[in-house]
Amino acid sequence: MQLQLNDIRKSFGEGENRTEVLRGISCTIAPGSITILLGPSGSGKSTLLNIIGGIESADSGSILLDGKPLDALGDRALTRYRREHLGYVFQAYHLVPNLTVRENIEVGAYLSSHPLNVDELLRLLGLWEHRDKLPNQLSGGQQQRTAIGRAIVKAPDILLCDEPTGALDYATSKEILQLIEDVNLRYGCTVLMVTHNAALSPMADRVIRLRDGAIRDDAQHDMRVHAVALAW
Amino acid sequence: MIAMRDPLRRRLLRSLREDWGKYTALFLFLFVLISFTSGYFVADGSMKRAYDESFETYSIEDGHFTVKAPLTAEEISKLEQDKSITIAPLDYIDRETEAAHTVRFYRPRAEMNRLDVMAGRLPEAAGEIILDRLYAENNEIAVGDTFRVDGADYTVTGVAAFSDYSALFESNNDMMFDANKFTVAVVTDETFDALGDAGLQRSYAWRWNDDLTESEARTASTSLMSAVYRTAELTDFLPQYRNQAIVFTGDDMGGDYAMFQALIYIVMVILAFIFAVTTRSTIEREAGTVGTLRASGYTRFELLRHYLTLPLLGTFTAAVLGNIVGYAWMKKITTGMYYHSYSLPTYKTVWNGEAFALTTVIPLIIIAVVTSLVLWRTLKLPPLQFLRGELRAEKKQAVLKLRHGPFLNRFGTRILLQNLPAYAILALGILFASVLLMFGCMFSPLLRHFNDTVVNAKFAEYQYVLTEQAETNVPGAEKYCITTLQNNKKENITIYGVQPGSQYIPEVTDTALISEGYLLKYGIDVGDTLYLREQFAPSNYYPVTIGGTIDYPASLSIFLPIDQYRDLFDLPEDSFNGYFSNEKLEDLDEHTVATVVTQADLTVMADQLEDSMGRIFPLFGGFAVVLYILMMYLLSKMILERNARTISLLKILGYTDREAGRLFHRATTLVVLASILLSLPISYWLIQIIYRAVMLEYPGWLTLWIAPWIWPFMVLLGLGCWFGVMALQRRTIRRIPMGEVLKNQD
């Protein structure tokens, strides 16, 4: 599924307090690719991700999904869009606290008419042994694996990851990045990942650097480096 | 592909377990409320049905008349043919017990006004008697006991519901029936004959042969009265629709129906808001998850359905179980109340579809609608706001600057501002509970106070009403005139004609005085002219201009100087029909005395009310206390849980559980205290309105009086409830872990 962004602009506040967070972002994301949105805090990368995810609206500009404009969609249609096409992973996991690992993943499966096999996915995620545990019985990495499982179980076209390793230690972060890479390779979904860690860049097909709401650099990689080989 | 069931369902049981305190409290409250109201509705419906059916089952008369001399068989036959009625003799004699209770003896009844024997059997031999069941209970008379009346001993063979005396009115002119001092009884013909002729009333009951509408019955009754009048010397004529002993019960039944309906709906709305606010608090706690679910494609409706499930399941379960318990046991409270007031026949519990709807369907709708409206407002927020945890309005606004005052006060203010909706509901709930509590507390003291004022304001120890003018030599007896008219609301108004310079009512000089109860009830002003009518000749009306008021709470009355009275009714100059006296007038022939009003007669209304309703008043008080505790417990628990992270941090900083609790309870204590204090005048104001509306439907007027102890009692009780809840909440605070909250923070 191709994603095309045309002159996306977004600002917050009014009058003197007005801050332009996105200043005309345009790019096209190829289907099945891994794209990293890289930038320091306040560069507008999370806002851009949220606009793509349909949970925030742009002031101007348009987003085309396989040529169809997203910004014209109403609230209900946006929900359907998220339901059918998107998977979301956040830094803070946001699992349902009193559902087990398996059930949390089933929460995602419920939204799809053709979900992935939950058992297979639990094994892939390395959560099989933990499938009957509640989130508070898991480590941070296991919780994030569960969150990824919940996002990908509905076989989304696009996986949006907002600082997915932001709350994790080095080793666990690498495990999670490997997992995202595996998911991309195995299911062919487009991955759009927001991070401030430049060291993750080599694992992406494309790295878009943002600064002060504008694209400072847009680099395509001919060869991806496997997440396992990353170091920072 | 089989559609998958929403996996969020699986957390319902766990959520229930995690929040068992909240759900148990709400469930129990709903269960008790629904079982009580369902029991009331079922019992009321069943008893009303038993009462309605008793008219046919026991062939209750369509009226009766009393004549001086017995009618001949020909006269009876002619009346039956001419007026298409069936007549049955209904002779009776009143006799007194040693305790001055009146026993009305009847012969066995076969044709009309049959008895429902509730224990024992009908009398079969001389000296046997069957009594009214309620009178027997009130006077602790059991089957087999000996009952002494007018010097003769009778063996009580049974107790029964007399179908024509469901309310034990001795006289149809009495303001209130008296099941303590008046009873009806049936003895064998032989025993009845042995009572002699003195005071024997030749009475006949009739039933229409055709089914008549009420208006047809009224017309036919007037025609029958004329016919009997032409046939014999008529002393009493009482069609069924005017016979208080028969119709009073039916009129009173279901009188509380609307009140209970209003009660359940108001409580349901309050509970719905509690459900809504506490569920909203859960959503706030789970904001990140809700945001993720929304961002993943969950619709608002799916989440609303999820968060509504537990409140609705809880309400439904409480309603179903409440109805079962209501049908099986709680109905006994209401039937007990009815049986304690009225001489009703045996009832059978009947399925009441309306009761089921009122206690199940409508509560579910109220909970669903109110909770949905509140939650929908929250769930309408965009997913991003959930993800950022920006659900509360104050986060969007500038932070209120609180620079002055001690830290504790500022902290309390912040808690107050943070939880305004919850505190608003708490205040509303306290107000409602206070109204119930005041209602529950006020009645018994009010009735006792009424009796005290009636006794204090009575004119004389004895107030004789005569059937014809008769002289007495007892010193101090003072002649007066009395009659009863009706106002335009068809309420009986007693008109007195009082001697100038009366030693009993010296207030009466040259103008008409109105009793204050009458003035208050109908909003009459001094100077108004009232037009009063004769009950049986409404075209005859009498104008009376009010010149002042008089403190006479016993009845709705007007006091005229006796000359004005005689002029008004066009009576001779020396006419009178009563005596005020502080001594018993022993020299009057008993045939000339229609009635003697004593202190006991003045207090009978309040006594009877206390007797029949006395058991239900404390229930209101108890219900109010439970509501106080429920509201305080749930809302304070919600506030603590909402601030679990802060409490955890405070603990880490070194605050003790008690200190942390104090910080949060300070604001709630203030709200509780302010709400209780504010609720006092508001409750009083609301009760004044409700009370007036109730009294307008009620004969007479009981002045609203709140015993002074009730005010501090309500404050202390409310605060006591809160301090109890506060002690309970220490457990909640103690259970908030330090590490866990920090670990889970986003």
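In which order do the strands of the open six-strand sheet of chain A lie? The order is E6-E7-E8-E3-E9-E10, and the pairing is mixed. The model shown in these views is predicted.

**View 1. The open sheet of chain A has six strands.** Strand E6 and strand E10 (214–220) of chain A are the edge strands, each pairing on one side only. From one strand to the next, the twist averages 15 degrees. At the E10 end of the order, strand E9 (residues 206–211) of chain A pairs with E10(A) over six bridges, in the antiparallel sense. Within E10(A), A:Asp218 is the bridge partner of A:Ile208.

**View 2. Helices H5 and H6 of chain A lie across strands of chain A.** Helix H5 (residues 140–152) crosses E6 and strand E7 (158–162) of chain A, and runs at about 165 degrees to E6(A). Helix H6 (residues 170–187) lies across strand E3 (34–38), E7 and strand E8 (190–195) of chain A. The angle between H6 and E8(A) is about 160 degrees. Strand E7 of chain A is thus listed under helix H5 and also under helix H6.

**View 3. A salt bridge joins A:Glu175 and A:Arg145.** The closest N and O atoms of the two residues are 2.8 Å apart. A:Glu175 sits in helix H6 of chain A and A:Arg145 in helix H5 of chain A. The pair links distant parts of the chain, the two residues being 30 residues apart. Over all chains, a search of the whole structure finds 42 salt bridges.

**View 4. Chain A and chain B share a contact made by 29 residues from chain A and 32 residues from chain B.** On the side of chain A, A:His94, A:Asn98 and A:Tyr110 lose the most area to chain B, and together they account for 26% of what that side buries. The area buried between the two chains is about 2800 Å². Carbon and sulfur atoms give 55% of this area.

**View 5. Polar and charged pairs connect chain A with chain B.** There are 16 residue pairs in polar contact between the chains, counting pairs with both residues at pLDDT 80 or more. Five salt bridges are counted between chain A and chain B. One salt bridge is formed by the side chains of B:Arg10 and A:Glu106, at 2.2 Å from N to O. Helix H2 (75–85), strand E6 (86–90) and helix H3 (101–109) of chain A each supply at least two residues of the side of chain A that touches chain B. That side comprises 14 nonpolar, seven polar and eight charged residues.

**View 6. Four strands of chain B form an open antiparallel sheet.** Their order is E2-E10-E1-E11. Strand E2 (85–89) and strand E11 (234–239) of chain B are the edge strands, each of which pairs on one side only. The twist from one strand to the next averages 20 degrees. Strand E1 (residues 63–67) and strand E10 (residues 202–208) of chain B run antiparallel and are joined by five bridges. B:Thr66 has B:Ser203 as its bridge partner in E10(B).

**View 7. Helix H3 (residues 73–83) of chain B lies across three strands, E1, E2 and E10 of chain B.** The helix runs at about 150 degrees to E2(B).

Key
Residues numbered from 1 in each chain as written. Chains lettered and ligands numbered in written order. Predicted model: local features only at pLDDT ≥ 70, side-chain atom pairs only at ≥ 80, totals over all residues. Heavy atoms only, no water. Contact = heavy atoms within 4.5 Å. Buried area = accessible area lost by both parts, 1.4 Å probe. Salt bridge = Lys/Arg side-chain N within 4 Å of Asp/Glu carboxyl O. Polar contact = N/O pair within 3.5 Å; in protein donor to acceptor, adjacent residues only side chain to side chain. Nonpolar A, V, L, I, M, F, W, Y, C, P; charged D, E, K, R; others polar. Pairing = 2+ DSSP bridges. Axes fitted to C-alpha atoms, helices over the stretch in contact; angles between N-to-C directions.
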